[in-house]
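Welcome, and please open the model in your viewer. We will go from stop to stop, with something to select at each one.

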Amino acid sequence: MAKCDVCGKGVHFGNNVSHSHRRSNAIWSSNVKRVKCKINGAAKRIHVCTRCLRSGAVERA
């Protein structure tokens with residue numbers, strides 16, 4: 001799973017808890033897209049989470 005190159009957001013780990021309170025491992029993936037962005041004036045493909053895209057932390061190329 002990719003990590004956001006801007007904020008570092010990646011996967012989150014935890015437990016699924018059933019009704020009888022039995023626990024199993026769980027992984028929640030962050031919504032990370034591979035987009036073409038302008039970095040130092042040049043277009044480059046990087047992994048960016050959707051929150052960074054919405055907030056304008058990167059400029060799309």
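Two strands are said to pair if DSSP finds at least two bridges between them. Keep that in mind for the hairpins below, and remember that you are looking at a predicted model.

**Stop 1: the whole chain**

Show everything as a cartoon. You should find one helix and four strands, and going along the sequence their order is β-β-β-β-α. How spread out is the protein beside a compact globule? Its radius of gyration is 16 Å, well over the 10 Å that the globule rule gives for 61 residues, so the protein is more spread out than a compact globule. Turn the model to see its extent: the C-alpha atoms fill a box of roughly 55 × 20 × 15 Å along the principal axes.

Now switch on the surface. The accessible surface of the protein is about 4800 Å², and carbon and sulfur atoms account for 45% of that. Buried residues are 20% of the 61 residues. Among contacts with a separation of 6 or more, 27% link residues 24 or more positions apart.

**Stop 2: the hairpin of E1 and E2**

Select residues 12-17, which are strand E1, together with residues 23-28, which are strand E2. The two strands run antiparallel and are joined by six bridges. To see how they line up, pick Gly14, which stands opposite Ala26 in E2.

Next, follow the chain through the turn, where five residues lie between the strands of this hairpin. Which residue in the turn has a positive phi? Select His21: its phi is near 70 degrees, a positive value in a residue other than glycine. His21 sits in the loop between E1 and E2. With a relative accessibility of 51%, His21 counts as exposed, because the cut-off for that word is over 50%.

**Stop 3: a nonpolar patch**

Select Val11, Phe13 and Ile27 and show them as surface. These residues make a nonpolar surface patch of about 320 Å². Ile27 belongs to strand E2, and this residue is exposed, with a relative accessible area of 57%.

**Stop 4: the hairpin of E3 and E4**

Move on to residues 32-39 for strand E3 and residues 42-49 for strand E4. How many bridges pair them? There are eight, and the pairing is antiparallel. Select Cys37 and look across to E4, where Lys44 stands opposite.

In this hairpin, two residues lie between the strands. Click on Asn40, found in the loop between E3 and E4. Asn40 is not a glycine, yet its phi is positive, at about 55 degrees. Is Asn40 buried or exposed? Asn40 is exposed, with a relative accessible area of 80%.

**Stop 5: after the helix**

Our last selection is helix H1, residues 50-55, and then Arg60 in the segment that follows the helix. Arg60 is exposed, with a relative accessible area of 53%.

Show the contacts of Arg60. Setting aside neighbours within four places in sequence, Arg60 touches Val35, Lys36, Cys37, Lys38 and Leu53. You have met Cys37 before, as the residue opposite Lys44. For a final distance, draw a line from the C-alpha of Arg60 to that of Ala43: these residues are 17 apart in sequence and 8.4 Å apart in space.

How values were computed
Residues are numbered from 1 along each chain as its sequence is written. This is a predicted model: local features need pLDDT of at least 70, side-chain atom pairs count only at pLDDT 80 or more; totals for chains, interfaces and linings use all residues. Side-chain values use heavy atoms; hydrogens and water are left out. The radius of gyration is taken over C-alpha atoms; the globule rule is 2.2 Å times the number of residues to the power 0.38. Buried means under 20% relative accessible area, exposed over 50%, partly exposed in between (1.4 Å probe, protein chains only). Contact means heavy atoms within 4.5 Å. Accessible areas come from the Shrake-Rupley method with a 1.4 Å probe; for residues, only the protein chains shown count as cover. Patches are made of residues with over 30% relative accessible area and no salt bridge: like charges are joined within 9 Å, nonpolar side chains (Val, Leu, Ile, Met, Phe, Trp, Tyr) within 5 Å. A salt bridge is a side-chain nitrogen of Lys or Arg within 4 Å of a carboxyl oxygen of Asp or Glu.
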